[in-house]
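Ready for a short tour? Open your viewer, and let's go looking for aromatic rings.

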Amino acid sequence: MNLYNYNGPVLEFDKVVANHWSASTRAQSEKKARCNLAYQFKMETGRVARSKITIPGKLIIVEGDE
């Protein structure tokens, strides 16, 4: 599994709700990492599960298989 870091904006329903947010997660793929990060953001900010959170910026692999 790779360790992914994210540092950038977060969108909710295509509107910027955070200009600068940092987090990291372990995942098998970049797609899964984005899902994990969106979930982390929802939990940290008290949003409901059905909120559409998008992580638009670049993910950086810190360590992993690749």
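The stops below visit the aromatic ring pairs of this predicted model one by one. In total, the structure holds 2 aromatic pairs.

**First stop: Tyr6 and Trp21.** Select these two residues and show their side chains. The ring centres are 6.4 Å apart and the planes meet at 50°, so this pair is tilted. Now colour by secondary structure: Tyr6 sits in strand β1 (residues 2-12) and Trp21 in strand β2 (residues 15-27), so the pair ties together parts that are 15 residues apart in sequence.

Next, switch on the surface. Are these two residues buried or exposed? Tyr6 has 2% relative accessibility and counts as buried. Trp21, at 9%, is buried as well, because anything under 20% relative accessible area falls into that class.

**Second stop: Trp21 and Phe41.** Keep Trp21 selected and add Phe41. Here the centres lie 5.2 Å apart and the planes stand at 85°, so the pair is edge-to-face; an angle over 60 degrees earns that name. Follow the chain between them: Trp21 belongs to strand β2 and Phe41 to helix α1 (residues 30-45), and this pair links distant parts of the chain, 20 residues apart. With a relative accessible area of 3%, Phe41 is buried.

**Last stop: the whole group.** Which residues do the ring pairs link into a cluster? Select Tyr6, Trp21 and Phe41 together, and you have the cluster on screen.

Note on methods: Residues numbered from 1 in each chain as written. Predicted model: local features only at pLDDT ≥ 70, side-chain atom pairs only at ≥ 80, totals over all residues. Heavy atoms only, no water. Phe/Tyr/Trp six-rings, centres within 6.5 Å; stacked < 30°, edge-to-face > 60°. Helix = DSSP H or I, 4+ residues; strand = E, 2+ residues; numbered from the N terminus. Buried < 20%, exposed > 50% of the residue type's maximum accessible area, 1.4 Å probe, protein only.
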